[in-house]
Amino acid sequence: MSGAGDVSSVGELISHLELYLKDIVELCGLNYDNDLDVQAGPNLAHPLSFNTVELRQKMQATCETIERHLVHYRDQTLSTEESVELCISDLTERATAQKPELAFQLALAECLDLLKAQPTLPGNAGVGVLTRKLQDVATEVGLQLFSVPNLNDDAATTITIAGNILVLDIELAPKGTVRRVKLEYASENAQHQYDDMADQLLLKFLRDGDFSSFTRNLGDLALLDKHSGFQARSCLENDLLSIHKYEMTMSESADENHLTTLLLNGHGLPTMHCGRIGTSLVYWASPLALRDTDWNLARSSGEAMASAMSVDGVWMAAIVMEPSQPLPYLPPTVTQYLVEPNTEPTVDPAETARYTVTTGLCFGGANLQYYNPLPSSEHTLPLEYVMVLNPPVPVALHVARQIMGVTATTLLPEEDWWALEDVLTTQVPSPVTIRETSFHGGVSQDARQEYRFGIEGRAAGILIRRIPFRHTADVFPILMTLRRQILFNHLFQSCFNFETYTFACSFSETMPILRITLVEWVPGLRLSFLLEAPMSPLSGGRLELSLKDDLRIDIQWMHNDGVQVEEDTLRRVTHVLETTLDVSISIQEFWDSFSRV
């Protein structure tokens, strides 16, 4: 650190203050360029990582010396009016010359304000500061922390956070930079082939100073450590990875786009430790996200999959374990629920009172066999599997009850139900309802579209964020039920959504309006539209869209006057609708195709 020393010139003192500021910049880990522009470096400083008291004392002493010089200059030098004018001129020139220094000081002040509000620690905050922070985290989640001190200045410090079988080693450089993170277990049943990806995830959190995510993930591990839940977690993870390999072999022979097929119709695309410790499933993507994402590349690494899952229009479910009442699980001798396909299940005669064999579906309607723990099993844990949905999914009341029927769990109490049409339209309950607004759609060759919601009453709906479940066999029916609701939501929002799908169209004011009114619906299953247009034989007809169990869309045309539409037209419109999931574009194709006949 530079020192002020004995100087007599105000200019030299001000220059020395600048040296102090440069020292602060270096301590803060910021970049200081010759043009006096301050930019954030790779790490943000923490106020405890350098001696602010010493700096403040030195700078205050320098400022007091400057003040004494200025008082002496005022009383001894500025004795005449002429000398005052000369001084003002000199100060003006000096101020012009010092504008870059002022810009630097203002930029530094902004940086220091950011540092005061920064709640996290940097990667080089210092071994002592980082150790204390990690001690707080370990205490919060119920684990113990041990630290091996440096033997010399060049040695690394190893911090160990441990539980019953969980061991997390964090290696710090002398300045506090996190070099390495290693997650291990004192039991072979808890080890997993993808633990190195968990190491990289936790290392990223620490290097980024993201202690919130680090604490949440360490808390997940601590919960499993406390209740001996690692074997139960591994059973489900092994199942999902094995099922994915099996579905891959089935889909590769049936469809060249087998990855997107499994994403939309199978158990999804599993990935390990992507944003959260454990397994995540990518189980749905919009047509745009499917087209713009290289899913083969996304599967190649956790970082690539994390990038893919951050794309708008991608739905994923992180699978974690949370506290619950005691539930039966498989004994430690069994490593997964799934009976390997094309093999016969084997149940130890001594274990018949603990678990049996059940069946479940997978891609293509194929049956899988699973070992199923019985309520009479003595092997219980106060934990349950939970799907954490990102983004949350708005579902209809009967859909939520269908999911609860699969999982034998409760989602939310009745008072949390909302009007589904309002949730889908505005994303939050709003005084402006869908019934008060018309929505403009696409422009056909000779008509522009106007949509209205014409259904009396309100449809109960809920925004689902998490789904507790009991067994791997529950995963597929849950995903298929969610997919059909998401598909329905896409279709509904393509013509009734304030923020996303309402757009201004270029059309002539004299162009006739094709009014399209939603007159009947079964949320999650069916939409029925009434078409009205002057001077058109289609006026008065109904176009009904129904969602099948396999997520195919069936289109039916009904007209009281017997106006028929060719089957080729309906097939073409169905293809457009399944490709775009946009009602407006599909009705435009329907209208134009009929007009061309």
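Start by selecting strand β5 (residues 166–172) and β6: they pair in the antiparallel sense over seven bridges. Strands here are DSSP runs of E, at least two residues long, helices are H or I runs of at least four, and both are numbered from the N terminus. Two strands count as paired if DSSP finds at least two bridges between them. Click on Val-167, and you'll find it opposite Glu-184 in β6.

Before moving on, a word on what you're looking at: this is a predicted model, where local features need pLDDT of at least 70 and side-chain atom pairs count only at pLDDT 80 or more, while totals for chains, interfaces and linings use all residues. Residues are numbered from 1 along each chain as its sequence is written, and side-chain values use heavy atoms, with hydrogens and water left out.

Now widen the view to the open sheet of four strands, in the order β3-β4-β5-β6 with antiparallel pairing. β3 (144–148) and β6 (178–185) are at the edges with a single partner strand each, so one side of each has no neighbour in the sheet. Add helix α7 (residues 211–226), which lies across β4 (157–162), β5 and β6 and runs at about 150° to β5. Angles run from 0 to 180 degrees between N-to-C directions, with axes fitted as lines to C-alpha atoms, for helices over the stretch in contact.

Next stop: the open sheet of six strands, ordered β7-β8-β9-β12-β16-β13, again with antiparallel pairing. Select β12 (residues 380–396) and β16 (residues 460–469), and look for the eight bridges joining them. Tyr-385 has Phe-469 in β16 as its bridge partner. Then show helix α15 (residues 475–493), which packs on the sheet and touches β8, β9 (314–328), β12 and β16; a contact means heavy atoms within 4.5 Å.

Keep α15 on screen and add helix α13 (residues 397–407): the two pack at about 175°, with axes 10 Å apart. They are therefore roughly antiparallel to each other, a label for angles over 145 degrees (under 35 is roughly parallel, 65 to 115 roughly perpendicular, the rest oblique). Among the α13 residues at this meeting are Val-399 and Ile-403, while α15 brings residues including Ile-478 and Leu-482.

Last, select Tyr-283. Its contacts include Leu-263, Trp-315, Leu-389 and Leu-482.

To finish, colour by pLDDT, the predictor's confidence in each residue, from 0 to 100. The chain averages 78, and 72% of the residues score at least 70. Over residues 1–7 the pLDDT is below 50.

How values were computed. Lists of a residue's contacts leave out its neighbours within four places in sequence.
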